[in-house]
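Visitor: Could you walk me through this one? I'd like to hear about the domains and one of the helices.

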Amino acid sequence: MTDRLPAADLRNMAAALRAERAEMLNFTSSLTDDEWTAPSAAAGWRIADVVAHIGATARSFYTPAGLRTIFAASLERVNEDPVDRRRDWSRAKVTAEYQRAGRRATTLLDVVRRTPAARVRVPLAELGRHPMGLMIGGALVFDHHTHLRHDMAPALGRPVPPTDADRMRAVLTWMIAVLSNQVAKAPVARLDARVALTLTGPGGGTWWIDEAGGLTPSNGAVAAHVTAPALTFPDWGTQRSSWRDSDVTVTGDTELAARFLDAVNVI
């Protein structure tokens with residue numbers, strides 16, 4: 001499986017979450033009121049709504065509201081309701097919840113990662129089952145990273161905040177785990193051979209994908225090899241942009257690789 005993390009990786013994931021929370025607070029505290037209510041690049045959401053979404057997601061990990069997410073048929077649909085209920089909240093109230101919920105979720109991750117509960121596999125809507133430590137840390141780091149750098153900063157014409165190898169590794173680990181489950185649950189048509197995905201740069205690595213989902217690379221052969229910068233994967237890997245317009249290189253069976261890449265849509 002691609003989602004089994006050693007204790008050191010979970011420790012780094014907790015540090016990554018703290019760093020991403022600090023990055024988000026630094027970014028949002030600098031916004032004018034007009035920027036706070038400006039449209040983001042996430043369809044139908046303002047900048048304020050994106051922050052509300054992340055705060056509500058963090059809160060769901062330690063409140064009964066999280067049960068709705070576990071058993072939901074669609075994660076995207078269940079994400080809309082908390083945002084709608086917070087749409088009339090003041091900036092101060094949204095920010096306060098984000099700060100409080102993020103702090104508690106980070107504390108929860110720090111506790112869980114030291115216990116056997118970190119390895120307990122928990123369902124998350126249609127994204128399949130994930131070890132609890134990865135689900136808390138990976139999902140929240142991914143949410144922060146992707147919304148801040150692809151939905152918020154570009155929409156406001158602001159510089160994209162920097163990142164580092166630990167944070168990118170957390171993002172990529174979560175994305176590959178979700179992608180593996182998605183492929184296993186709804187196999188890509190005619191994905192009848194292995195595809196290697198190499199993401200280069202901070203936090204990067206190589207993963208194998210076939211009709212069973214994600215595999216750990218070994219000495220076996222692959223039919224196609226996809227290579228791209230790690231920093232670009234959260235953008236085209238969530239279909240915010242097309243992989244065809246990104247710095248993606250394919251060698252080997254290009255048709256097989258294209259079928260796989262067209263299906264990649266991590267949510």
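The chat below goes through the domains, their contact and one helix.

Guide: This is a predicted model, where local features need pLDDT of at least 70, side-chain atom pairs count only at pLDDT 80 or more, and totals for chains, interfaces and linings use all residues. Residues are numbered from 1 along each chain as its sequence is written, and side-chain values use heavy atoms, with hydrogens and water left out.

Visitor: Which domains does the assignment give?

Guide: Domain 1 (10-164) and domain 2 (180-263), with bounds from an automatic or database domain assignment. Their C-alpha centres are 26 Å apart. In the contact (heavy atoms within 4.5 Å), domain 1 supplies 13 residues and domain 2 nine residues.

Visitor: How many salt bridges between domain 1 and domain 2?

Guide: One, counting a side-chain nitrogen of Lys or Arg within 4 Å of a carboxyl oxygen of Asp or Glu. Asp 151 pairs with Arg 240 in a salt bridge, with 2.7 Å between the closest N and O atoms.

Visitor: And which element gives the most to domain 1's side?

Guide: H7, with six residues. Helix H7 covers 132-156; helices (H or I, at least four residues) and strands (E, at least two) are DSSP runs, numbered from the N terminus.

Visitor: Switching to H3. Why is a 20 Å span expected?

Guide: Because helix H3 (residues 47-60) has 14 residues at 1.5 Å each, the expected span being 1.5 Å times one less than the number of residues. Its end C-alpha atoms are 20 Å apart, which agrees.

Visitor: How many of H3's residues are buried?

Guide: 13 of 14, buried being under 20% relative accessible area with a 1.4 Å probe, protein chains only.

Notes. Buried means under 20% relative accessible area, exposed over 50%, partly exposed in between (1.4 Å probe, protein chains only).
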